[in-house]
Amino acid sequence: MIAVADLAVHYRDKCAFSGVNLSVPRGTVTALVGPSGCGKSSFLSCLNRLVDMVPGARASGRVELDGCDVLDPRLDLVAHRRRVGMIFQKPNPFPLSIRENIAFPLREHGARDVGERVEAALRAVGLWTEVNDRLDRPALGLSGGQQQRLCIARALALEPSVVLLDEPCSALDPIASGVVEDHVASLRGRYTVVIVTHNLAQARRIADHTAVFWVRGGVGYLAEHGATPQVFGSPRTDVAAAYVSGSRG
Ligand SMILES: Nc1ncnc2c1ncn2[C@@H]1O[C@H](COP(=O)(O)OP(=O)(O)OP(=O)(O)O)[C@@H](O)[C@H]1O
Ligand SMILES: [Mg+2]
């Protein structure tokens, strides 16, 4: 579903990563792992074109989503970002009520049946029973884990086909992290998921495929990509072997 060929990102004259070739089959979960600064977030930013928002940043190569050229300057960004939802490390609910966090973007996109879709989205992340008696209270009053699930619900309400997550659990306590992880795992099949995680055990638990990024001479690259059991069980490259065993990175 996603096909990436010879992708690179530059920030002015600094190359963040280059030469990345990767494909992501529909309905699967792919984990991106690797040491800090190897280009994982920059890679994700190409998939939803958030890279355009960074002054001086430039993506080159090819990214196809269902055959559509994602890096085409004429791409309809509003429609594209509706298809490609994004969840960040730090939960970022709007400073609005719980209900409006989901209803507002739905209305912006001209959706109908907003009330029903708010409920369905909250149910999908297990929040409905926790918050249905206080939908009009501020979302910022929720716990960190609840806020992150609300952000996932907000993304899912727009019915994306791809969900990108950049370390969605790393700002959460272990219990909230486990709950969010279970919801990410439950996206398999219905959504195509790419998740950046520093938690190798988490990648092992939830990812069908794992991509190990690495840095050489200050430039990130894709060191290894394969089925998760292969990458962890019989890595083909020395860096992936060292990284997954915890001896490097
Ligand atoms: N806005 C920016 N301007 C300049 N350089 C940047 C910018 N964002 C990232 N970089 C550089 O690009 C490289 C890759 O950064 P990126 O944030 O993609 O790495 P990462 O793998 O997500 O790291 P981390 O695990 O710490 O989040 C790094 O060298 C970083 O300093
Ligand atoms: Mg990052």
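Here is a short tour of three places in this structure, which is a predicted model.

**Stop one: helix H1.** Start by selecting residues 40-47, which form helix H1. Seven of its eight residues are buried, so H1 is largely enclosed by the rest of the structure. To see them, show Lys 40, Ser 42, Phe 43, Leu 44, Ser 45, Cys 46 and Leu 47. Then step on to Arg 49, which follows H1 and has a positive phi, near 65°.

**Stop two: strands S6 and S7.** Now select strand S6, residues 84-87. Which way do its residues point? Val 84 and Met 86 point one way, while Gly 85 and Ile 87 point the other way. This follows a general pattern: in a regular strand the side chains alternate between the two faces of the sheet. Here, all four named residues of S6 are buried. Add strand S7, residues 162-166, to your selection: S6 and S7 run parallel and are joined by four bridges. Within this pair, look for Met 86 standing opposite Leu 164 of S7.

**Stop three: helices H3 and H4.** Finally, select residues 98-108 for H3 and 114-124 for H4. The two helices pack at an angle of about 130°, with their axes 9 Å apart. That angle makes H3 oblique to H4, and the crossing is right-handed. For the contact itself, show Arg 99, Ile 102, Ala 103, Leu 106 and Arg 107 on the H3 side, then Val 114, Arg 117, Val 118 and Ala 121 on the H4 side. Colour them by character and you will find six nonpolar, three charged and no polar residues.

Methods:
Residues are numbered from 1 along each chain as its sequence is written. Chains are lettered from A and ligands numbered from 1 in the order in which they are written. This is a predicted model: local features need pLDDT of at least 70, side-chain atom pairs count only at pLDDT 80 or more; totals for chains, interfaces and linings use all residues. Axes are lines fitted to C-alpha atoms, for helices over the stretch in contact, and angles run from 0 to 180 degrees between N-to-C directions. Angles under 35 degrees count as roughly parallel, over 145 as roughly antiparallel, 65 to 115 as roughly perpendicular and the rest as oblique. A crossing is left-handed if the near helix is turned anticlockwise from the far one by less than a right angle, and right-handed if clockwise. Two residues are in contact if their C-beta atoms, placed from the backbone, lie within 7 Å. Ala, Val, Leu, Ile, Met, Phe, Trp, Tyr, Cys and Pro count as nonpolar, Asp, Glu, Lys and Arg as charged, and the others, Gly among them, as polar. A residue is buried if 20 or more other C-beta atoms lie within 10 Å of its own, exposed if 12 or fewer, and partly exposed in between; C-beta atoms are placed from the backbone. Two strands pair if DSSP finds at least two bridges between them.
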